[in-house]
Amino acid sequence: MNFYYHMYGNSMGKLEVKVNENVLFNKSGNQGYFWKKGTVPIRQGNAAIQFVATWGSAIWSDIAIDDIEFSTGCSPTTVAPGQLTTDFDKDDGMWISQGTIQWTRQSGSTSSSDTGPSGDHTTGNGTYVYLEASGKRVGDQAKFEANTL
């Protein structure tokens, strides 16, 4: 699985990608003001895929995700190949936010200054999902997972 992530802010927390509860991707701290590519190996079969964001020490820790895609033969078997691939420009219900802190679909800049992307990864004018850090406490977590049921 390939995806793009944006982690810009001087109090950035961390982003993990879990597959069947195993952490296969882990980034923390300020990653710069640009989208970076993340890759997670996923074998064919039943896979519970989850993005988990943990807030940093202050409001400058927005985390964003865009352009999730699967290589041929690597999509979980409970959905059709490519069905979980998304650029978030439409909400097809295949990725869902879990818990009390919700991921938000966004076009353009985030509402906080000095943090978050100015646009999506694909064209700069599309949509991505992100977590607004304002009003959150250090260590709060939000989860975003594949809806494979």
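**Before the close-ups.** A strand is a DSSP run of E of at least two residues and a helice run is H or I of at least four, both numbered from the N terminus. This is a predicted model, where local features need pLDDT of at least 70 and side-chain atom pairs pLDDT 80 or more, while totals for chains, interfaces and linings use all residues. Residues count from 1 along each chain as its sequence is written, and side-chain values use heavy atoms, without hydrogens or water.

**View 1. An open sheet is built from five strands.** Follow the order β3-β2-β5-β10-β7 across the sheet, and you will find the pairing antiparallel (two strands pair if DSSP finds at least two bridges between them). The edges belong to β3, residues 22-28, and β7, residues 95-98. Each of these edge strands pairs on one side only.

**View 2. Strand β2 meets the edge strand β3.** Here β2, covering residues 14-19, runs antiparallel to β3, and six bridges join the two. To get your bearings, look for Lys-14, which stands opposite Ser-28 in β3.

**View 3. At the other edge, β7 pairs with β10.** Four bridges hold this antiparallel pairing. A handy landmark is Trp-95, whose bridge partner in β10 is Ala-146. Trp-95 and Ser-97 make up the covered face of β7, whereas Ile-96 and Gln-98 make up the uncovered one.

**View 4. Tyr-5 and Phe-25 form an edge-to-face aromatic pair.** The model has eight aromatic pairs (Phe, Tyr or six-membered Trp rings with centres within 6.5 Å; planes under 30 degrees apart are stacked, over 60 edge-to-face, the rest tilted). In this one, the ring centres of Tyr-5 and Phe-25 lie 5.3 Å apart, with 65° between the planes. Tyr-5 belongs to strand β1 (residues 2-7) and Phe-25 to strand β3, so the pair ties together parts that are 20 residues apart in sequence. Both Tyr-5 and Phe-25 are buried (under 20% relative accessible area with a 1.4 Å probe, protein chains only; exposed is over 50%, partly exposed in between). Widen the view a little and you meet a cluster, in which ring pairs link Phe-3, Tyr-5, Phe-25 and Phe-51.

**View 5. Phe-88 and Phe-144 form a tilted aromatic pair.** Their centres are 5.8 Å apart, and the planes make an angle of 45°. Phe-88 comes from the loop between β6 (63-69) and β7, and Phe-144 from strand β10 (residues 141-146). The pair thus links distant parts of the chain, 56 residues apart. Phe-88 counts as buried because its relative accessibility is 5%. Phe-144 also counts as buried, at 4% relative accessibility.
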